[in-house]
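This text leads a new reader through one protein structure, step by step. The sequence and the model are shown first, and the explanation follows.

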Amino acid sequence: MDNSSGVGVLDKAALVLTALEQGPTTLAGLVGATGLARPTAHRLAVALEHHRLVSRDLQGRFVLGPRLTELASAAGEDRLLATAGPILNRLRDITGESAQLFRRQGDLRVCAAAAERPSGLRDTIPVGAQLTMSAGSAAQVLLAWEDPERIHRGLSSSSFSAVALATVRRRGWAQSVAEREQGVASVSAPVRSPSGKVIAAVSVSGPIERLSRQPGRMHAPAVIAAAERLSEVLRRSGAEG
């Protein structure tokens, strides 16, 4: 085994995590990528899932788990999360709505950070919550700049269209109205790594009664500014997020 540490079970677990770095993987895919016996691959993946180092997507495939993001943040290595709190708090204060930072994880998007509106009717999305990639403005942003094959696969079960994603790319932000949940509207913009890859989406969300059926008219400038501030932090630190 390449790069063996001498502790076989850890080396095999590392093979599983490395295989999942490429995206959602079935058990058969894990077996093929790691060279492990099927029972071994399954046992390790389930054990890693118990510790939240591995999760499952909506199709039951294995994906990297939220605990990895939490550990990176705790170690001070995740510049995006380390900086997101104050920027999301300011976005919440400017818009008066709950603000979130989403990252894609396989066929899901995960709320990596949030700043909730302190009172009144609000859209509450807990940190760590896993939401679908088939609906919502953050899903549109996280899919819009993917390669054509991933866009095609994503659109097969989505509430939005290829035309909508083309609009997102053209104007640099997305909006949704009752797309993810009845009565809720949102606006999102992309966060980019130093290489220009979209690695996260900044969002504000709240009731349609306040955000209206054209929430981008109200909040797109503030959301774009927050996303650009986070992108600038990553550029200055040289971090790929």
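The model is a predicted one, and a pair of charged residues offers a convenient entrance to it. E49 is partly exposed, because its relative accessibility of 27% lies between the limits of 20% and 50%. Its side chain meets that of R56 in a salt bridge, with a distance of 3.1 Å from N to O. R56 is likewise classed as partly exposed, at 31% relative accessibility.

E49 leads on to the helix α3, which covers residues 38-50. This helix has 13 residues, and the distance from its first C-alpha to its last is 18 Å, close to the 18 Å expected at 1.5 Å a residue. Which residues of α3 are buried? They are T40, A41, L44, A45 and L48. Viewed down the helix axis, the buried residues of α3 fall within an arc of 125 degrees, so they line one face of the helix. On the other side of α3 the residues P39, R43 and H50 are exposed. The buried residues are covered by elements that include the helices α1 (8-20) and α2 (27-34), together with the strands β1 (54-56) and β2 (62-64).

After α3 comes R52, a residue in the loop between α3 and β1. Its backbone deserves attention. Most residues other than glycine have a negative phi. R52, however, is a residue other than glycine with a positive phi, near 65 degrees. With a relative accessible area of 36%, R52 is partly exposed. A second case is A178, which is not a glycine and yet has a positive phi of about 55 degrees. A178 is located in the loop between β6 (174-177) and β7. Its relative accessibility is 21%, and A178 therefore counts as partly exposed, since buried means under 20%.

The explanation now returns to the charged side chains. How many salt bridges does a search of the whole structure find? The search finds 12. One of them joins R180 and E181, whose side chains meet at 3.4 Å from N to O. Both partners of this bridge are partly exposed: R180 has a relative accessibility of 26%, and E181 has a relative accessible area of 41%. Elsewhere, salt bridges that share partners connect D57, R61, R104, D107, E146 and R150 into one network. Within the network, the side chains of R61 and D57 form a salt bridge of 2.8 Å from N to O. The two partners fall into different classes of accessibility, because R61 at 23% counts as partly exposed, whereas D57 at 6% counts as buried.

Some members of this network reappear in an open space of the model. The second largest pocket has a volume of about 300 Å³. Its lining consists of 16 residues, of which R61, R104, D107, R153 and G154 are the closest to the centre of the pocket. Which helix supplies the largest share of the lining of this pocket? It is α7 (residues 148-155), with 3 residues.

Enclosed spaces are a separate matter. The model holds 2 cavities of 30 Å³ or more. The largest cavity contains about 60 Å³ of space. It is lined by 14 residues, and those closest to its centre are F102, R109, R180, S186 and S205. R180 is thus met again here, having appeared above as the salt-bridge partner of E181. At least two residues of the lining come from each of β3 (98-105), α6 (137-144), β7 (184-192) and β8 (198-207). Among the contributors to this lining, β8 gives the most, with 3 residues.

The last stop is H219, a residue of helix α10 (residues 215-237). Is H219 buried or exposed? Its relative accessibility is 7%, and H219 therefore counts as buried. Leaving aside residues up to four places away in sequence, the contacts of H219 are T95, E97, V187, V204 and L211.

Terms used
Residues are numbered from 1 along each chain as its sequence is written. This is a predicted model: local features need pLDDT of at least 70, side-chain atom pairs count only at pLDDT 80 or more; totals for chains, interfaces and linings use all residues. Side-chain values use heavy atoms; hydrogens and water are left out. Helices (H or I, at least four residues) and strands (E, at least two) are DSSP runs, numbered from the N terminus. Buried means under 20% relative accessible area, exposed over 50%, partly exposed in between (1.4 Å probe, protein chains only). Contact means heavy atoms within 4.5 Å. A salt bridge is a side-chain nitrogen of Lys or Arg within 4 Å of a carboxyl oxygen of Asp or Glu. The expected span of a helix is 1.5 Å times one less than its number of residues. The arc is that of the directions from the helix axis to the C-beta atoms. On a 1 Å grid over the protein atoms alone, a cavity is a set of points where a 1.4 Å probe fits but cannot get out, and a pocket is an open set with protein on both sides within 12 Å along at least five of seven lines; lining residues have an atom within 4 Å of a point. Grid points are joined across faces, edges and corners, and a volume is the space filled by probe spheres set on the points.
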